[in-house]
Amino acid sequence: MCAEVEETLKRIQTHKGVIGTIVVNAEGIPIRTTLDNSTTVQYAGLLHQLTMKARSTVRDIDPQNDLTFLRIRSKKHEIMVAPDKEYMLIVIQNPSE
Amino acid sequence: HVYLLLSKCVGLLYSSASSLPSRCFRCKDIDVLPTLKLSCFPTALTMEIVYVYTKKRNEFGRQCNFSDRSAELHVDILPDPSLAVNFIERDPCDVPIQCTQEMSEHEVNTERFESDTRGINHVEGGWPKDVNPHEMEQTIRFRKKVEKDENYISTVMQLGNNMEHCIKQNNAIDIYREYFEEEEVVEESEVQPSAKTINVFRDPNEVKRTASSLSWHPDGSRKLAVAYSSLEFQKVSKDMSLNSYIWDIENPNKPEMTLKPVSPLVCLEYNPKDCHILVGGSYNGQIAYWDTRKGSQPVEMSTIEHSHRDPVYRVIWLQSKTGTDTFSASTDGQVLWWDIRKMSEPTERLILDPNKKGNLDNALGAISLEFETTMPTKFMVGTEQGLVVSCNRKAKTPAEKIVCMYSGHHGPIYALQRNPFFPKNFLTVADWTARIWSEDIKESSIMWTKYHTAYLSDGSWSPVRPSVFFTIKMDGTLDVWDFLFKQNDPTLSVKVCDEALNSLRVQDNGHFLACGSQLGTVTLLEISSGLCTLQKNEKALATAMFERETKREKILEARHREMRLKERSRSEQSKEEDTKEGDGEESPEELITRIEKDFYEIVEAELKKRDKGEEKKVADAIKSD
């Protein structure tokens, strides 16, 4: 079971353009990360808050709705957040140029 | 006691006339009736008017008895001008007065609240109580524990899938790149095709004649030459004017110039090389040409002996070095070539005899001509009998001049024109349909419109769009067809007038067209831009369409030929068998009897079928009852 997770994360990491992968839990603790600690902590904290805000926005507009995915494209790269109740998967990718 | 004014007083005192004794408030000795006195205080400039009265002691406490008294002037103090010295007069000043509530303004300042923007740096946190974030071992252990959690595994798997999808998306295509820069913005004209009447030119004469032909001025299309004539047989009245007019399209009230032929003009054409020269074919068969600089009379006319015997229906200018060659067609079966410098005799003559023998009695009457300057040796003639004859001008013998004929129409061919973009295809307008032909297919047209309820009297391709053509009908409607868009119906159908429309001419820009009616009214219409701007890919699509239809017809033609060959071979075989018995050919009488027999058989069979059908109907009716 654990191996599948390993495999998935590894696969994600080896996709073209992916800079880093982070798995964070609901408290903001990074469980798995491929980046250095300070960056991870920064990403985890900030993105957690943002995801909460995004989710609450979506729910405010339509209570039946829920946030499934969050993508932030910036000049340098794209941050993709897949939120869940307990955990959150964050991937930073450099989209094809 | 009389109190007198002291020198420092402000006002004078007039003692009361009755200087009755009164208790003076100073001396207090005599009880007197009230008297007025002025008290003056040497310090103030104010005046105090005091009214003093005395009361007997035994009257103290007694109730007041009020009684009416008349008014008494107590004091009247007049101003003392000498005192004005002590005062300075003020400059007149304006003083505003307002009858409102008096309000006052107050300012309040709350206590100052200081705010400051700060950022918070998230230091690692969220660790449960028992785990010390600084201890590597503890954190690692915690992490390992979480990773073993089932929930974690399933969640990560699921999230991982989603994430992969998005990652792949990102890698597959850059969504922000400008992909279609080269394509211009296609202006989707949602505007419905429409035609707008710009101007109407009416025949100024009392007796109205048909506007049988129109021609645009070659230079900028500012002028329109209209030929008026009455095409109805023997309906020419004495009052009917013979004149034809040149109109300036800006001025519909009065024609710009009159052309005065000997006999009414049936057709009229501007010389495309010289915009002052016009050639006209008249009702009596003569050709005449005008020079607009020289006046209304024709410069020269053809001699009657050598002209046509019937009205000249069409005259076209030819492409030549001198620019003076024309040719004309008429229902007398002749096509004549003229040089306008020498109108006494035609330069060439062609008789439209389908048997190629030059027999005028057999000839087909020509109603329309077609000539394309890009193909100067070929021309086509549309006949009264519904055949289109394709001719070669450069043929050696008259017999070879007629190359081939296209049949398919039931009535006279009023319009004949090659497609300006695809010269191999030409349009014919006759009877109730308009047909598009390909030069190679002689048996039938490759495309055609449906059969209308009214006769079509003229038609023309649009000079700017290869798939658009115009037709006009005897019920006064103008149809605009866009064959790439719709083939069943015209894309636009406009009722121009109530009477029949006889002639149509489109301007070279394809934007304006003029149509002439039976009562001599020429209407100038503007077509909406969607129908006169070349759409993208239109040429390619039109090419494909024409090729497709041509191929289809070719296949059908081949098939027909095959079938005919088979029939012939079969009949030849049967003929060979019959030769033993006698002459295989039937004589006319036998042919007639055989045909009669066949005819009656068919009629009887049909009648029997009908009876059976009726019986069946009756039976059904009975059954249903």
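Reader: How many residues does each chain bring to the contact between chain B and chain A?
Author: Chain B puts in 34 residues and chain A puts in 40, where contact means heavy atoms within 4.5 Å. Mind that this is a predicted model: local features need pLDDT of at least 70, side-chain atom pairs count only at pLDDT 80 or more, and totals for chains, interfaces and linings use all residues. Residues are numbered from 1 along each chain as its sequence is written, chains are lettered from A and ligands numbered from 1 in the order they are written, and side-chain values use heavy atoms, without hydrogens or water.

Reader: What makes Arg32(A) and Glu147(B) a salt bridge?
Author: Their side chains sit 3.7 Å apart, N to O. The cut-off is a side-chain nitrogen of Lys or Arg within 4 Å of a carboxyl oxygen of Asp or Glu, so the pair qualifies. The two chains share 2 salt bridges.

Reader: Which element of chain B gives the most to the side touching chain A?
Author: That's α2(B), with 18 residues; helices here are DSSP runs of H or I, at least four residues long. Chain B's side splits into 16 nonpolar, 11 polar and 7 charged residues.

Reader: Back to Glu147(B): which residues join it where α1(B) meets α2(B), and why are those helices called roughly perpendicular?
Author: Helix α1 (residues 136–148) and helix α2 (residues 150–172) of chain B pack at about 70°, axes 5 Å apart. Angles of 65 to 115 degrees count as roughly perpendicular, so α1(B) and α2(B) earn the label. On the α1(B) side, Glu147(B) is joined by Val146(B) and Lys148(B), while α2(B) offers Glu150(B), Tyr152(B) and Ile153(B).

Note on methods:
Axes fitted to C-alpha atoms, helices over the stretch in contact; angles between N-to-C directions. Helix = DSSP H or I, 4+ residues; strand = E, 2+ residues; numbered from the N terminus. Parallel < 35°, antiparallel > 145°, perpendicular 65-115°, else oblique. Nonpolar A, V, L, I, M, F, W, Y, C, P; charged D, E, K, R; others polar.
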